[in-house]
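Reader: Take me through how to read this one, starting with the basics.

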Amino acid sequence: RLAVLLEGERGAPQDLEWAMADGVLYCLQTRPIVTLPPSSFFNPSVTGETPTLWDNSNIVESYSGVTSPLTFSFASHAYEQVYTLTLKMAGVPGAVVEEHRPHLSNMLGLVRGNMFYNLLNWYCCLACLPFGDTSKFMETMMGVKQTLDPELEARLKQIRDAAPKYSLWSRLCILVSVAWKILRLDGLVEGFFARFNKHYEDALSTDFTKLSLTQQVDYVKHLYKNVLGHWEVPIYNDTYVMLFFGLLKGLVGRYLATGNPHKAEGLQNDLMCGQGDVESSEPTKWLMRIAEEIDTHHHHPSHSSHTTHPSPSPPPPPEHDGSGSRSDALRRWFLGRREEVLEMVREEGERVRGVRERMTASSYATESEASGLRQRKRATDDSEDTHECTNDRDTMDELYQMKLNIVQSLQRFLNKYGFRCINELKLEEHTLHDDPGFIIDIIAGYIRTKSYSVANMEARETKIREAAESEIQGTLPWYQRLPLNWVLFHARRGVKHRENLRFARTKLFGVFRSLFRAIGDNLVSLGLLKQRQDVFYLTVEEITAFVEGRSVTNNLSGLVELRRKEYNGYRKGLAPPERLVTRGACGPCFLFPQLLSDLDLLREHQAEAASDPNVLTGTPCCPGVVEGIVRVVTSIEQTKGLNGEILVTARTDPGWVPLYPLCSGLVIERGSLLSHSAVVARELGLPTIVGVSGGLMRRLSTGTRVHMDAGKGRVTILCLHGNQEEH
């Protein structure tokens, strides 16, 4: 009553500080609350009532935290273009596609700088497909944690009822077409890569910094039309994976784990382990082989097979009394001379770029040999290594050649995987090309912990998969094995293609990153921006409009400063919840972060998950039982020195994968069974739990001892950091 009284007297809501003494209530201090929305905010006649469901369950893996305006505008346009193609490819009539244009152009949202799915628009687009209701499969694929409340369920029913009705003949024709595409999937993927690689190689050979602004914008449009405009196969394959992964989950649950969803999830994951030929796991295996070569001087010729411009690697030096000393010197050099290794890698990168411009691939090998001879002179000054190894000049040259082989292997890795970095789909982020120090540190970690046996890792994967296959063979009659194995084959094929096609997406984003950086350079040279990175505070449309004369402002620098201030506020402020519903106009809701917290749809789910203070549960991903200390990290920088701990983090992306061999287990707050973390963890045989609810990052801290049963998706806290008392 006192608060209401003060609000009436002061004419505004009050932040009241009070105390009780001898049964009397005293007002100590009061001040107006200035962060509340105006009263009209709560008036539906002003803001509207239409619900919008926001969820970032899956997209947070690719776009974590605050994302730049340029990245969001680029991704939003790409989603619209690609999913328009998908609907048309699935046989949805053109008129229906155009009718859903408002949904296609709003599949993503930006909530205080964070990217979210606009889920109801996704449901609207899925309802157009002539395959029946696929929303549950989509939720499994995205890792959505909560079913819809009655109000939203009623809205979803309206969406289903409004979906186009297809005749039996239309459905039959579409099903035949889809079946034909399934039979030809491998060929479709091969054709996609042939087309993609042609444009990708053309982009790599183009120096964007030498193009004018008009030429740069034209190249952006060229990539939109000729690459993104032909992105049907990756999205078709995503739909294929969504369907068959969902079918696999249903069959495993029905045949092998009735009434036991945890067992069903675990068995499904075991069946997906160790497929091989998955592009996402290859970078890590490549770095492990380099580490083994440094530590044991066992050369892996496979390194040179991954490059378009092969460099000949000389055979290992003959075994004699000094070979062990040279191997020790190579190891000491790599572990103790980080800056020298980096300098050599950068020099090799500059040389390779020069070779690409001046020479054909056939003459690359000759140039590589010449470069080795030129650089070998520098080795004569390395007196420390000379004294540590031997005073023999030939032995010293062999040691330097060993170093050069390692550097060339690293450069070949960067040539192929340099765009695969932390937050690789955020165009504003720096890549391994910018700073290869990350992979140097990763290899050093492999060497120190001896975590580089690819054969042992692959054997673990195979053992997990074969055990699950044996259960199918020994438990199910033939008439159940037949459909299950057929669905399993297609699920495995689709997941493998999905990861490989995602790598093509990574490379394409790398091209766009280089192109937009070059645009930033030109805008800086014109005095319109202060630094190249400022271009990422503009949108693609704003850049294009400025170049074409349609811009509503010419003060690009002022616009950048305005957005920089706003986005810095987002970074320092409260992050929005992962699932929320807004009503009416969305923008007014986004102005008030505390209000967004009140709209959190997962509060009860999180509270229920945290009911046992010593147990955390999530989605089983790759089985294994581990007991040990956790390393809780919020950024890649905090993983330095990782040495067999259980890695705990809020989310990962492909750039984190090289860390996996350095940890004994992986526990991730976000993610789904088809997220990148899950797929690669299965390929590497790493015990992993994803989608952990109940405040994972809040309840665990570095040094906490836990028991992790990844097959059951369960983490039990045994001993809190600094507390020796067992629970």
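Author: Start with contact, which means heavy atoms within 4.5 Å. Among the contacts in this chain with a separation of 6 or more, residues 24 or more positions apart account for 70%. A caveat before we go on: this is a predicted model, where local features need pLDDT of at least 70 and side-chain atom pairs count only at pLDDT 80 or more, while totals for chains, interfaces and linings use all residues. Residues are numbered from 1 along each chain as its sequence is written, and side-chain values use heavy atoms, with hydrogens and water left out.

Reader: How many helices and strands does the chain have?

Author: Both are DSSP runs numbered from the N terminus: helices are H or I with at least four residues, strands are E with at least two. Here that gives 29 helices and 14 strands.

Reader: And what share of the residues is buried?

Author: Burial goes by relative accessible area: under 20% is buried, over 50% exposed, and in between is partly exposed (1.4 Å probe, protein chains only). Of the 727 residues in the chain, 54% are buried.

Reader: Let's do rings. How many aromatic pairs does a search of the whole structure find?

Author: Rings of Phe, Tyr and Trp (its six-membered ring) pair if their centres lie within 6.5 Å; planes under 30 degrees apart are stacked, over 60 edge-to-face, and the rest tilted. The search turns up 29 aromatic pairs. Take F41 and F42: their ring centres are 5.1 Å apart with the planes at 85°, so this pair is edge-to-face. F41 has 12% relative accessibility and counts as buried, whereas F42, at 54%, counts as exposed.

Another edge-to-face pair is F74 with F509, at 5.0 Å centre to centre and 85° between the planes. It links distant parts of the chain: F74 belongs to helix α3 (residues 69-89) and F509 to helix α22 (residues 478-525), 435 residues apart. Both F74 and F509 are buried, and they share one aromatic cluster with Y224, F512 and F516.

Reader: Which charged end sits over the ring of Y200?

Author: The test is NZ of Lys or CZ of Arg within 6 Å of the ring centre and within 35 degrees of the ring normal. Here K507 passes, with its charged end 4.7 Å from the centre of the Y200 ring.

Reader: Now helix packing. At what angle do α21 and α22 pack?

Author: Axes are lines fitted to C-alpha atoms, for helices over the stretch in contact, and angles between N-to-C directions run from 0 to 180 degrees. Helix α21 (residues 454-475) packs with α22 at about 155°, the axes being 11 Å apart. Under 35 degrees counts as roughly parallel, over 145 as roughly antiparallel, 65 to 115 as roughly perpendicular, and the rest as oblique. So α21 and α22 are roughly antiparallel to each other. From α21, the residues R465, E469, I472 and Q473 meet R481, L484, N485 and R492 of α22. By class, that contact has two nonpolar, two polar and four charged residues. (Ala, Val, Leu, Ile, Met, Phe, Trp, Tyr, Cys and Pro count as nonpolar, Asp, Glu, Lys and Arg as charged, and the others, Gly among them, as polar.)

Reader: Which residues make the contact between α10 and α11?

Author: Geometry before residues: the axes of helix α10 (residues 185-204) and helix α11 (residues 213-226) come within 11 Å and cross at roughly 170°, so α10 and α11 are roughly antiparallel. R195, H199, D202 and A203 of α10 make the contact with Y219, H222 and N226 of α11. That comes to two nonpolar, three polar and two charged residues.

Reader: Back to α22. What does F503 touch?

Author: F503 lies in helix α22 and, at 5% relative accessibility, is buried. Setting aside neighbours within four places in sequence, F503 is in contact with E279, K416, Y417 and R420. From F503 to P654 is 151 residues in sequence, yet 9.5 Å in space, C-alpha to C-alpha.

Reader: And the backbone: where does R112 lie?

Author: R112 is in the loop between β4 (108-111) and β5 (114-118). Its phi is near 50°, positive in a residue other than glycine, and R112 is buried with a relative accessible area of 15%. K450, also not a glycine, has a positive phi of about 60°; look for K450 in the loop between α20 (437-449) and α21.

Reader: One more loop: is C663 buried or exposed?

Author: Buried, as C663 has a relative accessible area of 7%. C663 is in the loop between β10 (646-649) and β11 (665-668). Not counting residues up to four places away in sequence, C663 touches L642, G644, E645, L647 and L686.
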